[in-house]
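Me: I have a chain here that I would like to go through with you, beginning with the basics. Could you take me through the model step by step?

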Amino acid sequence: MASTLLSLFSQVSDPWRGQGKIYPLAPILLFTVLAMLAGARSYRHVHGFIQTHLDRLNSGFGVSLPRAPAYSSVRFILHGLDADEIERVFREHASGLAEAPVEGAGMPSAVAIDGKTLRGSFDAFHDRKAAHVLSAFAIDGQIILGHMAIAEKSNEIPAAQAMIKALGLTARLFTLDAMQCQKNIRGCS
């Protein structure tokens with residue numbers, strides 16, 4: 001059975017010391033995700049969402065935040081997190097959701113792998129190229145299984161092979177861009 005996102009967020013190590021802490025990390029992370037799903041695009045929007053829905057969120061998830069954290073507190077909390085640990089939690093949650101049985105005639109579930117350049121990530125001043133990220137999407141479960149940053153001097157071909165290995169994807173039908181049509185692509189499984 002898939003773990004809840006709140007229980008998985010409780011496994012994330014809190015980088016802040018406990019003295020004087022008002023907000024537990026796991027509910028703040030969950031409420032931030034919910035705010036983003038509802039359309040929040042800034043720390044102020046996250047604060048507004050939590051403030052508006054605080055009673056409902058507290059009762060629905062069995063927590064007791066005394067008040068919504070200020071937008072500066074949300075920013076402070078999120079900037080202190082380890083990105084790799086958060087990615088691990090989301091991958092664990094997604095793999096639990098993707099394990100649901102697939103209806104049909106025994107066909108393997110399909111996974112779409114595609115890369116995108118992140119808008120606004122190019123920085124000429126600091127001589128930084130645009131960031132490129134590869135994503136794996138489970139078609140049947142309609143969920144993103146994971147993301148992987150593509151190294152600056154690399155491309156999607158080795159990154160896709162590494163992602164398939166890292167996610168432990170087997171007995172699946174993969175859809176990839178035409179650039180993945182290489183002789184040795186099957187060597188990754």
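Reply: A residue is called buried under 20% relative accessible area, exposed over 50% and partly exposed in between, with a 1.4 Å probe and protein chains only. By that rule, 33% of the 189 residues of the protein chain count as buried. This is a predicted model, in which local features need pLDDT of at least 70 and side-chain atom pairs count only at pLDDT 80 or more, while totals for chains, interfaces and linings use all residues. Residues are numbered from 1 along each chain as its sequence is written, and side-chain values use heavy atoms, with hydrogens and water left out.

Me: Ok, and how many helices and strands does the protein chain have?

Reply: There are six helices and four strands, where helices (H or I, at least four residues) and strands (E, at least two) are DSSP runs numbered from the N terminus. Read from the N terminus on, the order of the elements is α-α-α-α-α-β-β-β-α-β.

Me: How much space lies in the largest pocket?

Reply: The largest pocket holds about 790 Å³. A pocket here is an open set of points on a 1 Å grid over the protein atoms alone, where a 1.4 Å probe fits and protein lies on both sides within 12 Å along at least five of seven lines, and lining residues have an atom within 4 Å of a point. The volume is the space filled by probe spheres set on the points, which are joined across faces, edges and corners.

Me: Which residues are closest to its centre?

Reply: Of the 25 residues in the lining, Phe9, Val33, Met36, Ile86 and Phe90 are the closest to the centre. Helix H1 (5-9), helix H2 (25-37), helix H5 (83-98) and strand E3 (143-149) each give at least two residues to the lining, and the largest share, eight residues, comes from H5.

Me: How does the lining of the largest pocket divide into nonpolar, polar and charged?

Reply: The lining has 16 nonpolar, five polar and four charged residues. Nonpolar covers Ala, Val, Leu, Ile, Met, Phe, Trp, Tyr, Cys and Pro, charged covers Asp, Glu, Lys and Arg, and the others, Gly among them, count as polar.

Me: Changing topic, how many aromatic pairs does the structure hold?

Reply: The structure holds two aromatic pairs, meaning that rings of Phe, Tyr or Trp (its six-membered ring) have centres within 6.5 Å, with planes under 30 degrees apart counted as stacked, over 60 as edge-to-face and the rest as tilted. One of them is Phe9 with Phe90, an edge-to-face pair at 5.7 Å centre to centre and 85 degrees between the planes. Because Phe9 lies in helix H1 and Phe90 in helix H5, the pair ties together parts that are 81 residues apart in sequence.

Me: Are those rings buried or exposed?

Reply: Phe9 is buried, at a relative accessible area of 2%, whereas Phe90 is partly exposed at 31%. As for the other pair, Phe31 and Phe61 are tilted, at 6.1 Å centre to centre and 50 degrees between the planes. That pair links distant parts of the chain, with Phe31 in helix H2 and Phe61 in helix H3 (residues 43-61), 30 residues apart. Phe31 is buried at 0% relative accessible area, while Phe61 counts as partly exposed at 37%.

Me: Back to H2, then: how many of its residues are buried?

Reply: In H2, 10 of the 13 residues are buried, so the helix is largely enclosed by the rest of the structure. Among them are Leu25, Pro27, Leu30 and Ala35. Thr32 also belongs to H2 and is buried at 4% relative accessibility, and the C-alpha atom of Thr32 is separated by 8.3 Å from that of Val74, 42 residues apart along the chain. Just after H2, Gly39 has a positive phi of about 110 degrees.

Me: And where is Arg172 found?

Reply: Arg172 is in the loop between helix H6 (156-167) and strand E4 (173-175), and is partly exposed with a relative accessible area of 28%. Arg172 and Ser109 are 63 residues apart in sequence, yet 5.3 Å apart in space, C-alpha to C-alpha. Leu173, found in strand E4, is 4.5 Å from Ala110 on the C-alpha to C-alpha distance, with their positions 63 residues apart in sequence.
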